Amino acid sequence: MFLTKRFYIIGGAVVALLIGGYFYLPLFIAGQILIAILSLAVIADAVLLYSRRRAVDAERYCAPRFSNGDYNDVRIIVESACSFPVNLEIIDEIPVVFQRRDILFRVRMPAHGRETVHYKLRPVRRGEYGFGHIQIYISTPLGLLQRHIRRGAPIDIAVYPSYLMLHQYEFMAIHNNLAELGIKKIRRIGHNTEFEYIKEYIKGDDYRTINWKASARRHFPMVNIYRDERSQQIYSIIDKGRIMQNAFNGMTLLDYAINASLVLSYVAIRKEDKAGLATFAEDFETFIPATRQSGQLQRLLDSLYREQTVFGESDYSALYVHVNKYISKRSLLIIYTNFDTITGISRQLDYLRQLSRRHVVLVVFFEDVEMKAFATRRPTALENYYQQVVTDKFIFEKHHVSAKLRQYGIYSLLTEPEHLSVNLINKYLEMKARGMV
């Protein structure tokens with residue numbers, strides 16, 4: 001049981017009256033009367049608060065696992081068993097990692113009422129997150145005392161890679177609204193595609209696809225319909241070295257890469273390609289063979305859930321050896337990493353060139369958003385000019401890395417972390433349409 005602010009205000013008034021009674025007797029008598037009234041009110045308040053053993057029940061409802069980098073819904077349903085209105089202060093013991101102090105809800109409940117409170121949590125790291133109890137402080141309309149009760153059992157929630165983003169892409173794909181997410185419609189270049197069927201010519205069809213033999217038989221123009229080649233292997237290869245520990249908006253580059261690889265795998269499987277996964281750091285670690293069988297996305301999700309960065313430098317020689325060992329068929333290898341300087345790429349370029357001889361290699365690396373924003377500011381002091389020169393040099397180095405890769409026939413994608421998924425899917429669709437894969 002706790003005394004409320006209202007009790008202390010009234011108590012302060014009583015003390016002031018009693019002190020004033022030393023100078024004016026009626027004030028002392030008024031103070032004594034107020035003490036008696038306050039005492040009776042406190043007793044009545046206590047009787048009301050403890051008239052029922054379970055005055056209020058509360059239950060927390062949330063998904064059994066959270067989506068990393070997304071806002072996840074949490075609901076608390078509160079029910080009152082009291083026959084009179086009550087005021088509640090509800091505090092949910094959220095995981096300490098969120099460092100939030102605003103999960104406090106004040107609710108006025110009618111007699112035998114039921115209310116639902118909502119809030120959202122955005123995790124930025126994968127792993128186990130522990131929720132505690134729901135702390136509830138009850139007060140009656142008198143508002144002199146508060147009763148503390150504890151509801152809800154502690155639970156652990158697993159934070160997985162961004163499956164909410166995956167569901168969003170799936171929903172948009174079903175309704176053909178992927179353009180709203182920034183996915184472009186890529187025009188098919190050439191005919192590096194598989195023949196599907198023949199149909200009657202309609203206005204707008206490419207006249208170069210007219211099938212003259214079929215047209216002669218039907219006495220009407222007929223055209224060949226093609227589709228993108230299928231059953232191609234798409235491997236997401238994620239670098240877990242120290243360079244992927246850099247953070248943007250609270251999430252590491254590794255987490256952005258994991259989320260993007262999951263979405264790309266979904267899109268690849270919908271395009272009837274095979275999606276696979278590999279991770280490496282100081283050694284070659286995870287490997288999931290490419291397939292489009294049911295359950296592949298869940299296998300990728302479960303595997304990506306456990307991945308963490310290391311403090312050592314990544315070994316591209318181990319990557320080259322194991323890719324040659326495990327991937328025999330020509331595939332699209334999407335390597336998520338982060339090269340900052342031309343010196344960094346020069347050390348690994350030989351291995352990337354060797355990989356590109358047997359496979360199509362796409363290197364994905366990241367723009368430094370904060371550095372890019374700093375470079376656009378107007379200098380206000382001499383020191384700022386020097387800083388911007390250095391910043392421009394680092395930005396130029398990123399583009400130089402991209403040009404260096406292109407020089408050796410290695411594709412690259414330089415992107416901001418927050419736009420990685422959209423830009424990567426567009427790049428994949430473009431490469432499919434141009435017959436690069």
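D57 is a good place to start: with a relative accessible area of 30%, D57 is partly exposed. Everything described here comes from a predicted model, so the values are computed from its atoms.

## A salt bridge between two strands

D57 has a partner in R151, and the two form a salt bridge in which the closest N and O atoms are 3.3 Å apart. The partners come from distant parts of the chain: D57 sits in strand β2 (residues 56-62) and R151 in strand β10 (residues 145-151), a separation of 94 residues. Is R151 buried or exposed? R151 is buried, because its relative accessible area is 11% and buried means under 20%. The pair also belongs to something wider, since R54, D57 and R151 are linked in a network of salt bridges.

## Two further bridges

How many salt bridges does the structure hold? There are 15, and the table sets out three of them.

| Pair | Closest N to O | Separation in sequence |
|---|---|---|
| R151 and D57 | 3.3 Å | 94 residues |
| E313 and R347 | 2.8 Å | 34 residues |
| K398 and D340 | 3.0 Å | 58 residues |

Take E313 and R347, whose side chains meet in a salt bridge. E313 lies in the loop between α6 (296-305) and α7 (316-326), while R347 belongs to helix α8 (residues 342-358), so the bridge ties together parts that are 34 residues apart in sequence. E313 counts as partly exposed, at 40% relative accessibility, and R347 is partly exposed too, with a relative accessible area of 48%.

The bridge of K398 and D340 also links distant parts of the chain, with K398 in helix α10 (residues 382-407) and D340 in the loop between β19 (331-336) and α8. Here one partner is buried: K398 has 8% relative accessibility. D340, in turn, is partly exposed at 34%.

## Into the nonpolar core

Away from the charged pairs, there is the nonpolar interior to look at. The largest nonpolar core has 41 residues, and I334, Y336 and L424 are the ones with the most contacts inside it. Several elements each supply at least two residues of this core: the strands β11 (155-160), β14 (233-239), β19 and β20 (360-366), together with the helices α5, α6 and α11. Which element gives the most to this core? That is α5, with 12 residues.

I334 makes a handy landmark for a walk through this region. Leaving out residues up to four places away in sequence, I334 touches I234, Y235, S236, I237, L264, L362, V364 and L424. There is also a second, separate core of 31 residues, and F84, V86, I90 and F98 are among its members.

## How α5 meets α11

Two packed helices are described by the angle between their axes and the distance between the axes. Helix α5 (residues 253-270) and helix α11 (residues 420-433) pack at an angle of about 40 degrees, and their axes are 9 Å apart. The crossing of α5 past α11 is right-handed.

Which residues make the contact? From α5 come Y256, A257, N259, A260, V263, L264, V267 and A268, and from α11 come L420, S421, L424, I425 and Y428. Sorted by class, this contact has 11 nonpolar residues, two polar ones and no charged ones. Two of the residues in the helix contact, L264 and L424, are also touched by I334.

## Loops worth a visit

Most residues other than glycine have a negative phi. H219 has a positive one, near 55 degrees, and is not a glycine. H219 is found in the loop between α4 and β13 (222-227), and at 73% relative accessibility H219 counts as exposed.

E272 is another residue with a positive phi, of about 65 degrees, although E272 is not a glycine. Its place is the loop between α5 and β17 (274-280). E272 counts as partly exposed, at 31% relative accessibility.

One last stop is K203, in the loop between β12 (194-200) and α4 (212-218). Is K203 buried or exposed? K203 counts as exposed, because its relative accessibility is 85% and exposed means over 50%. K203 and N324 are 121 residues apart in sequence, and their C-alpha atoms are 48 Å apart in space.

Technical notes: Residues are numbered from 1 along each chain as its sequence is written. This is a predicted model: local features need pLDDT of at least 70, side-chain atom pairs count only at pLDDT 80 or more; totals for chains, interfaces and linings use all residues. Side-chain values use heavy atoms; hydrogens and water are left out. Axes are lines fitted to C-alpha atoms, for helices over the stretch in contact, and angles run from 0 to 180 degrees between N-to-C directions. Helices (H or I, at least four residues) and strands (E, at least two) are DSSP runs, numbered from the N terminus. A crossing is left-handed if the near helix is turned anticlockwise from the far one by less than a right angle, and right-handed if clockwise. Contact means heavy atoms within 4.5 Å. Ala, Val, Leu, Ile, Met, Phe, Trp, Tyr, Cys and Pro count as nonpolar, Asp, Glu, Lys and Arg as charged, and the others, Gly among them, as polar. A salt bridge is a side-chain nitrogen of Lys or Arg within 4 Å of a carboxyl oxygen of Asp or Glu. Buried means under 20% relative accessible area, exposed over 50%, partly exposed in between (1.4 Å probe, protein chains only). A nonpolar core is a set of buried Ala, Val, Leu, Ile, Met, Phe, Trp, Tyr and Cys residues joined through side-chain atoms within 4.5 Å.
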